[in-house]
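Student: I would like a close look at one strand and its surroundings. Please take its partners in turn, then what it packs with.

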Amino acid sequence: MYTDPIADYLTRIRNAQMAQHKVVEIPASNLKKEITKILFDKGYILNYKFMDDDKQGAIKIALKYHPKSKRPAITDIQRVSKPGLRKYAGKDSLPRILNGLGVSILSTSRGVMTEKEARNLNVGGEVLCYVY
């Protein structure tokens, strides 16, 4: 039993990319599905598929690499808010990653979204992770 499923999700992606795997399978949850959709929309992963075979289900993620250098599309992926210390950002203090080149994923009252979408909707929330 792990206490932080989002950290486990991010670590599985990080480890699979370091080992040059093409596909990684992760136990599913609604929050992980939303984060996966954001990673796909922003171009950090190649594709994904939600497998609902058993009770919990799984997420299969096809990882993205540069065609010539074989470097992963995700340079770094960091967990920000942890179960022991939650990090929240108001609408005026939303974090920008690498001057807008990276993505900060937030859990807001209107759902899981990037900091750019939260800025447009004028909402704040819990900062889940940074991806760049």
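Which residue stands opposite Gly125 in S8?

Tutor: Ala89 stands opposite Gly125. The model is predicted, so local features need pLDDT of at least 70 and side-chain atom pairs 80 or more, while totals for chains, interfaces and linings use all residues. Residues are numbered from 1 along each chain as its sequence is written, and side-chain values use heavy atoms, without hydrogens or water.

Ala89 belongs to the pairing of strand S5 (residues 88-89) with S8, which is antiparallel and has two bridges. Strands are DSSP runs of E, at least two residues long, and helices are runs of H or I, at least four, both numbered from the N terminus; pairing needs at least two DSSP bridges. Strand S4 (residues 77-79) is also antiparallel to S8, joined by three bridges, with Ile77 opposite Val131. S6 pairs with S8 over six bridges, again antiparallel, and here Ile105 faces Cys129 across the pair.

Six of the seven residues of S8 are buried (under 20% relative accessible area with a 1.4 Å probe, protein chains only), so the strand is largely enclosed by the rest of the structure.

S8 (125-131) and S6 (103-108) are among the elements that give two or more residues to the largest nonpolar core, together with H1, S1, H2 and S3. Such a core is a set of buried Ala, Val, Leu, Ile, Met, Phe, Trp, Tyr and Cys residues joined through side-chain atoms within 4.5 Å. This one has 24 residues, and Val131 and Ile105 are among those that touch the most other members, as are Tyr9, Ile13, Ile35, Leu39 and Ile61. H1 makes the biggest contribution, five residues.

Ile35 shows how H2 meets this region. Beyond its neighbours within four places in sequence, Ile35 is in contact (heavy atoms within 4.5 Å) with Leu128 and Ile105, and also with Ile6, Tyr9 and Val112. Ile35 is one of the buried residues of H2, a list that also includes Lys32, Lys33 and Leu39. Just after H2 comes Gly43, with a positive phi near 85 degrees.

A separate core of eight residues includes Val80, Leu106, Met113 and Val123.

S1 and S3, which also feed the largest core, sit in an open antiparallel sheet of three strands, ordered S1-S3-S2. S1 (23-27) and S2 (45-51) are at its edges with a single partner strand each, so one side of each has no neighbour in the sheet. Between S2 and S3 (residues 58-63) there are six bridges, and Asn47 has Ala62 in S3 as its bridge partner.

Note on methods:
Buried < 20%, exposed > 50% of the residue type's maximum accessible area, 1.4 Å probe, protein only.
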